[in-house]
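Here are my notes on the model you sent over. Have the structure open while you read, and take the points in order.

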Amino acid sequence: MDTEEDMSDSVMPIDKEKDSSESALCGHKLPLWLGLLLLLAAVSLLGTLIYFAVIANSKACVDGLQAQKECQELNQHVQRQLNQAQELLHEKEAEAATCKQAVVTLRDSLKKEQARVEELQEERVRPQGRTTVQCGFSCCLCVRSSSASV
């Protein structure tokens, strides 16, 4: 029995503590002015919330949001076009660089070919300017111009 009394004593103070805390809360009333102030604050917040909800759903606001959405979509479209144009520009710049290199190579080749042609023409003109022929005499070689008739 002794243990039952000990157990009941240990449980009882907890119940007494609950009772005392409940009575402490119930014993103090909220002052009227504080209650009215809290009620006024709640009504003000609710009124403000309703006011902004009405404004947010107004025609002007909805139209503004629609215009903003359309503007963003148009902006994205223009951005995509710009990106495509920039990619194309880079491709064309690479092609132009290749073409410029080809032109440089072709000019060098042309200069070499022109030099070779000039060299060949000089070799061809030298023998045509004077030709050496034998005139039939064993004592000398006669030189005649290519323009002179034989």
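The points below go from the overall layout to single contacts.

1. First, a reminder that this is a predicted model. The protein chain has 3 helices and 2 strands, and their order from the N terminus is α-α-α-β-β. Two of the helices come up again below: H2, which covers residues 32-56, and H3, which covers residues 59-129.

2. How much of the protein chain counts as buried? Of its 150 residues, 0% do. The cut-off here is under 20% relative accessible area for buried, so keep that in mind when reading the percentages in the later points. The accessible surface of the protein chain comes to about 13,900 Å², and carbon and sulfur atoms account for 62% of that area.

3. Which residues make the nonpolar surface patch? Leu32, Leu36, Leu39 and Val43 do, and the patch amounts to about 430 Å². Val43 sits in helix H2. Val43 counts as exposed because its relative accessibility is 52%, with the line for exposed drawn at over 50%.

4. Now the aromatics. The count comes to 1 aromatic pair, and the partners are Tyr51 and Phe52. Their ring centres are 5.3 Å apart and the planes meet at 70°. Why is this pair called edge-to-face? The angle between the planes is 70°, and over 60 degrees counts as edge-to-face, so the label follows.

5. On cysteines: the structure holds 0 disulfides. For reference, a disulfide is a covalent bond between the sulfur atoms of two cysteines. Cys61 is partly exposed, at a relative accessible area of 29%. Cys71, in contrast, counts as exposed, because its relative accessibility is 51%.

6. Charged contacts next. How many salt bridges are there? The count is 3. One of them joins Asp63 to Lys59, with the closest N and O atoms 3.1 Å apart. Both residues belong to helix H3 and are 4 residues apart, about one turn of the helix. Is Lys59 buried or exposed? Lys59 is exposed, because its relative accessible area is 62%. Asp63 has 38% and is therefore partly exposed.

7. Another salt bridge links Lys92 with Glu95, where the closest N and O atoms are 3.6 Å apart. With the salt-bridge cut-off set at within 4 Å, this contact qualifies. Lys92 and Glu95 are also in helix H3, 3 residues apart, again about one turn. Lys92 counts as partly exposed at 44% relative accessibility, and Glu95 counts as partly exposed at 43%.

8. Then there is the salt bridge between Glu119 and Arg116, whose closest N and O atoms are 3.1 Å apart. How far apart are the two along helix H3? They are 3 residues apart, so about one helical turn separates them. Glu119, at 40% relative accessibility, counts as partly exposed, and Arg116 is partly exposed with a relative accessible area of 39%.

9. To pull the helix H3 part together: Asp63 and Lys59 lie there, as do Lys92 and Glu95, and so do Glu119 and Arg116. Each of these pairs is separated by about one turn of the helix. The nonpolar patch, for its part, includes Val43, a residue of helix H2.

Note on methods: Residues are numbered from 1 along each chain as its sequence is written. This is a predicted model: local features need pLDDT of at least 70, side-chain atom pairs count only at pLDDT 80 or more; totals for chains, interfaces and linings use all residues. Side-chain values use heavy atoms; hydrogens and water are left out. Patches are made of residues with over 30% relative accessible area and no salt bridge: like charges are joined within 9 Å, nonpolar side chains (Val, Leu, Ile, Met, Phe, Trp, Tyr) within 5 Å. Accessible areas come from the Shrake-Rupley method with a 1.4 Å probe; for residues, only the protein chains shown count as cover. A salt bridge is a side-chain nitrogen of Lys or Arg within 4 Å of a carboxyl oxygen of Asp or Glu. Buried means under 20% relative accessible area, exposed over 50%, partly exposed in between (1.4 Å probe, protein chains only). Rings of Phe, Tyr and Trp (its six-membered ring) pair if their centres lie within 6.5 Å; planes under 30 degrees apart count as stacked, over 60 as edge-to-face and the rest as tilted. A disulfide is a pair of cysteine sulfur atoms within 2.5 Å.
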